[in-house]
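I opened the model on screen and went through it place by place. These are my entries, in the order in which I looked things up.

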Amino acid sequence: MQGVFITIEGVEGSGKSTQLLRLSERLRRLGLPVVVSKEPGGTALGRELRRLLLERHVSGETWCPEAELLLFYADRAQHLETVIRPALAEAKIVLVDRFEDSTRAYQGASGVPESSLDRLNDVVLRGLKPHLTVMLDMDPEGSLQRVEVRNLALGSEYAETRFDEATLDFHRRVRNRFLIIAQKHPNRVALIPARNPVDQVEASIWVRVAPLLRSAGFGVD
Ligand code: TMP
């Protein structure tokens, strides 16, 4: 039996973490072998890269787009080699919060050309693609409000605010890029409205996940 690789994508505040938790709990209740991870930061070294990428530095210096891109790919390369590929080889169900589509959406919106992403994918992904990408779609006005509430709840020392603080226009461009990816890859990407109630979103995700797992030989009935 082969492993199954599922990614979850969307703008900040679209409910990825909640839905990933619900899906992983459901799979565990069914007794299935699940590995849950995220990018950036799915490995010990990746967590250091996550800090470097997402926290504001005291010097005020920011990454130039190419440096930022390479750091996201360094995180991804390490994650693929030490977490994702081994888990898939052991026939596990691998759920990852953000992957390549986030790079296309965010770094693409920051001006990185598609051709650079294609070349890095050749080196790092080497043809590996998620079997399914759950894309939670929401207008950035609504999703950023949710982020503000979350950041307030986490307190003033919450440091990972770099992309949260980008302009509404930037987040609109990110969302549009996600929508274009969904249009381009209708078989891989399940585009799910994230404004709906949490239970309804969970049910829509399950409608796409269950047949995939069944076809891979996992018992989900
Ligand atoms: P999150 O995991 O809490 O959603 O935050 C990760 C942030 O990193 C989010 O703002 C999106 C951003 N990001 C990129 O810009 N490029 C990438 O390739 C990935 C994986 C994340």
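**Entry: Ala91**

I began at Ala91, which sits in the loop between helix H3 (65–89) and S3. The model is a predicted one, and I read every value below with that in mind. Ala91 is not a glycine, yet I find a positive phi of about 60° for it. I also looked up its cover: the relative accessible area of Ala91 is 14%, so the residue is buried, the limit being under 20%.

**Entry: Arg98**

I then turned to Arg98, in the loop between S3 and H4. Arg98 has a positive phi too, about 75°, and is not a glycine either. Its relative accessible area is 13%, so I noted Arg98 as buried.

**Entry: Pro40**

I looked up the peptide bond between Glu39 and Pro40, and it is cis, with omega at about -10°. I placed Pro40 in the loop between strand S2 (34–38) and helix H2 (44–54).

**Entry: helix H3**

Glu39 came up again when I listed the contacts of Arg76. Leaving out residues up to four places away in sequence, Arg76 touches Glu39, Phe99, Glu100, Thr103, Val124 and Leu125. Arg76 belongs to helix H3. I asked myself whether Arg76 is buried or exposed. Its relative accessibility is 3%, so Arg76 counts as buried.

Ala77 is also in helix H3. Its relative accessible area is 27%, so I have Ala77 down as partly exposed, the range for that class being from 20% to 50%. I took one distance from here: the C-alpha atoms of Ala77 and Asn121 are 9.8 Å apart in space, while the two residues are 44 apart in sequence.

**Entry: overall fold**

I stepped back to the whole chain. I find eight helices and five strands in the protein. In sequence order I wrote the pattern down as β-α-β-α-α-β-α-α-β-α-α-β-α. The C-alpha atoms fill a box of roughly 55 × 40 × 35 Å along the principal axes. I checked the radius of gyration: it is 17 Å, and a compact globule of 221 residues would have a value near 17 Å, so the two agree.

Of the 221 residues, 49% count as buried. I took the contacts between residues at least 6 apart in sequence, and 80% of them join residues at least 24 apart. The protein exposes about 11100 Å², and carbon and sulfur atoms supply 54% of that. On charge, I noted 30 positive and 30 negative side chains, with the centres of the two sets 4 Å apart.

**Entry: nonpolar cores**

Which residues have the most contacts inside the largest nonpolar core? They are Ile6, Leu27 and Leu213, in a core of 26 residues. I then looked up where this core comes from: strand S1 (4–10), helix H1 (16–29), strand S3 (93–97), strand S4 (132–137), strand S5 (189–193) and helix H8 (198–215) each supply at least two of its residues. H8 gives the largest share, seven residues.

I listed the contacts of Leu213, again without neighbours within four places in sequence. They are Val4, Leu27, Leu32, Ile93, Phe218 and Val220. Apart from this core I find another, of 18 residues, including Val83, Ala87, Phe99 and Val112.

**Entry: Val112**

Val112 is in the loop between helix H4 (100–109) and helix H5 (114–124). At a relative accessible area of 8%, Val112 is buried. With neighbours within four places left aside, I find Val112 in contact with Pro65, Leu69, Gln107 and Leu117. I also took the distance from Val112 to Leu213: their C-alpha atoms are separated by 35 Å, and the residues are 101 apart along the chain.

**Entry: Thr7**

My last stop was Thr7, which I found in strand S1. Its relative accessibility is 1%, so Thr7 counts as buried. Not counting residues up to four places away in sequence, Thr7 touches Val96, Phe99, Pro130, Leu132, Thr133 and Val134. Phe99 was already in my notes as a contact of Arg76 and as one of the residues of the 18-residue core.

How values were computed. Residues are numbered from 1 along each chain as its sequence is written. This is a predicted model: local features need pLDDT of at least 70, side-chain atom pairs count only at pLDDT 80 or more; totals for chains, interfaces and linings use all residues. Side-chain values use heavy atoms; hydrogens and water are left out. Helices (H or I, at least four residues) and strands (E, at least two) are DSSP runs, numbered from the N terminus. The radius of gyration is taken over C-alpha atoms; the globule rule is 2.2 Å times the number of residues to the power 0.38. Buried means under 20% relative accessible area, exposed over 50%, partly exposed in between (1.4 Å probe, protein chains only). Contact means heavy atoms within 4.5 Å. Accessible areas come from the Shrake-Rupley method with a 1.4 Å probe; for residues, only the protein chains shown count as cover. Lys and Arg count as positive and Asp and Glu as negative; His and the chain ends are not counted. The place of a charge is taken as NZ of Lys, CZ of Arg, CG of Asp or CD of Glu. A nonpolar core is a set of buried Ala, Val, Leu, Ile, Met, Phe, Trp, Tyr and Cys residues joined through side-chain atoms within 4.5 Å.
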